[in-house]
Each structure stands twice: as C-alpha cells, then as structure tokens.
Amino acid sequence: MTAEPLERALDHDERLTRPTPPPEPPLPLLRTARESDLPELRRLDGEVFQEVAYPAFLLRQLHDLYGGRGGHLLVLDDGDGRLRGYVLAATTAFHSDSWILGLCVAEDRRRHGLGRELMVEVLARLRRCGTERVRLTVEPGNDAAILLYRSLGFRPEGPAGGLRRDYFGPGEDRRVMCLVL
C-alpha cells in the first residue's frame with residue numbers, strides 16, 4: 001500500500017525540519033589525580049557536595065595520601081580544564097580494608113555511566129593491591145547511588161539494612177555498604 005501524496009509530503013517536511021540533536025560530549029579520560037588538579041577537585045567537590053564538601057586542606061592531604069602513580073584518587077578529565085568527576089578510596093596500612101570516601105560526577109555528566117566507570121576502575125586497583133573488603137556510606141534516600149553500589153556487589157552491612165542513625169551527627173543518617181573482594 002502506498003502513502004497518499006499529502007502524507008509523503010508531511011513525512012518529508014518533518015524530516016527536513018526536525019532539528020538534529022546535539023552530539024553527545026566525548027567521554028572524559030579517567031586518570032589518576034595530579035597535584036595540579038587540586039583547585040578543580042575543590043571546585044567540583046563544592047559544586048556537588050555543597051555544605052558537606054571537603055575543606056581544601058583535607059583534599060590536599062587526601063591527595064598526598066591516596067593520589068599519585070597507581071593511586072586511589074581518580075578523576076574524569078574532559079581535557080578542557082574542568083574535571084567532571086572523581087572517586088577516592090582510602091586503604092589501611094596493609095591494604096586489607098578500604099573505604100570509598102567520595103564518588104561524584106558533575107550534574108551535567110550524570111546518567112552516562114561515569115560513576116560506574118570510576119567505581120569499576122578503583123575497585124580493580126584495590127583488588128590488585130590485595131584489598132579484601134571495601135566499605136562506603138550513602139545517604140539512605142540516594143536511590144541512584146544505592147542501585148549503582150548494589151549492581152557492583154555491595155551489600156548493606158549490619159542490622160537494619162545497614163542503616164546507621166546519626167552516623168555523621170544528629171540527623172545525618174547513612175547506609176553502610178560493604179563489598180568483599
């Protein structure tokens with residue numbers, strides 16, 4: 001069955017006038033953080049975490065402890081001078097235990113798998129250095145993060161589904177999750 005000439009004209013016009021969606025931005029480069037990234041790390045951390053962002057001096061010290069070659073402070077670099085995400089894992093002296101101290105992706109780059117990419121890479125690095133267990137905390141209402149962590153194998157730790165009331169102070173509840181590597 002053939003379309004009537006009017007229908008063909010409408011289809012043709014729609015194809016001609018339909019705007020082309022903008023191209024997706026290229027995926028940022030995942031790399032180990034450098035000292036020169038500290039100003040951008042502070043900006044990104046403040047933008048995402050706002051009033052609970054790490055103070056500049058602490059980010060500096062965390063970089064000194066966990067950054068550097070083969071480290072556990074990883075960033076997403078778009079190559080335009082702005083970082084789009086980071087993950088930070090802290091390990092014990094013998095690397096048997098680790099905590100994910102921060103995972104963030106800039107709001108305009110979320111829902112593209114970048115948080116998963118950061119987590120997969122830092123978990124691979126932790127496995128290579130012999131880490132046996134990784135823990136993290138997450139806001140109980142942050143369903144997207146909880147789903148991500150569950151999909152990576154993290155499970156609630158302890159009673160009440162890992163919920164720890166007042167974990168960071170009054171009214172600052174957190175869910176503690178754990179992954180056995």
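Start by selecting leucine 65: at 60% relative accessibility, it counts as exposed (exposed is over 50% relative accessible area, buried is under 20%, and partly exposed is in between, with a 1.4 Å probe and protein chains only). Leucine 65 sits in helix 3. Helices here are DSSP runs of H or I with at least four residues, strands are runs of E with at least two, and both are numbered from the N terminus. Now add threonine 91 to the selection: it is 26 residues from leucine 65 along the chain, yet their C-alpha atoms are separated by 9.6 Å.

A word on what you have open: this is a predicted model, in which local features need pLDDT of at least 70 and side-chain atom pairs count only at pLDDT 80 or more, while totals for chains, interfaces and linings use all residues. Residues are numbered from 1 along each chain as its sequence is written, and side-chain values use heavy atoms, with hydrogens and water left out.

**Zoom out**

Switch to cartoon and you should find five helices and eight strands. Walking along the sequence, the order is α-β-α-α-β-β-β-α-β-α-β-β-β. The protein has 181 residues, and 39% of them count as buried. Among contacts with a separation of 6 or more, 61% are between residues 24 or more positions apart; contact means heavy atoms within 4.5 Å.

**Helix 2 against helix 3**

Colour residues 38-49 (helix 2) and 56-66 (helix 3). Their axes come within 10 Å and cross at roughly 125°. That angle makes helix 2 oblique to helix 3. For the terms: axes are lines fitted to C-alpha atoms, for helices over the stretch in contact, and angles run from 0 to 180 degrees between N-to-C directions. Under 35 degrees counts as roughly parallel, over 145 as roughly antiparallel, 65 to 115 as roughly perpendicular, and the rest as oblique.

Look down through the pair and you'll see a right-handed crossing, where the near helix is turned clockwise from the far one by less than a right angle (anticlockwise would be left-handed). Show side chains for Leu38, Leu41, Arg42 and Asp45 on helix 2, and for Ala56, Leu59, Arg60 and His63 on helix 3; these make the contact. Sorted by class, that contact of helix 2 with helix 3 has four nonpolar, one polar and three charged residues. The classes take Ala, Val, Leu, Ile, Met, Phe, Trp, Tyr, Cys and Pro as nonpolar, Asp, Glu, Lys and Arg as charged, and the others, Gly among them, as polar.

Follow the chain out of helix 2 to glutamine 50, in the loop between helix 2 and helix 3. Check its backbone: phi is near 50°, a positive value in a residue other than glycine. Glutamine 50 is exposed, with a relative accessible area of 54%.

**Back into helix 2: leucine 44**

Leucine 44 also belongs to helix 2. Is leucine 44 buried or exposed? It is buried, with a relative accessible area of 0%. Leaving aside neighbours within four places in sequence, leucine 44 is in contact with Leu83, Arg84, Gly85, Tyr86, Cys104 and Ala106. Draw a distance to cysteine 104, 60 residues away along the chain: the C-alpha atoms are separated by 8.3 Å.

**The cores**

Next, select Val87, Ile100, Leu118, Met119, Leu136, Tyr149 and Phe154. They have the most contacts inside the largest nonpolar core, which has 25 residues. Such a core is a set of buried Ala, Val, Leu, Ile, Met, Phe, Trp, Tyr and Cys residues joined through side-chain atoms within 4.5 Å. Helix 4 gives the largest share of this core, six residues. A second, separate core of 15 residues includes Leu44, Leu62, Val75 and Leu88.

Centre on isoleucine 100. Not counting residues up to four places away in sequence, it touches Val87, Leu88, Ala89, Met119, Val122, Val134, Arg135 and Leu136.

**Helix 4 against helix 5**

Here the axes are 11 Å apart and the helices pack at an angle of about 40°, making helix 4 oblique to helix 5. The crossing is right-handed. Show Gly115, Arg116 and Met119 in helix 4, which meet Leu148, Tyr149 and Ser151 in helix 5.

**Last stop**

Finish at aspartate 166, in the loop between strand 7 (163-164) and strand 8. Aspartate 166 has a positive phi of about 55° although it is not a glycine, and it is partly exposed, with a relative accessible area of 43%.
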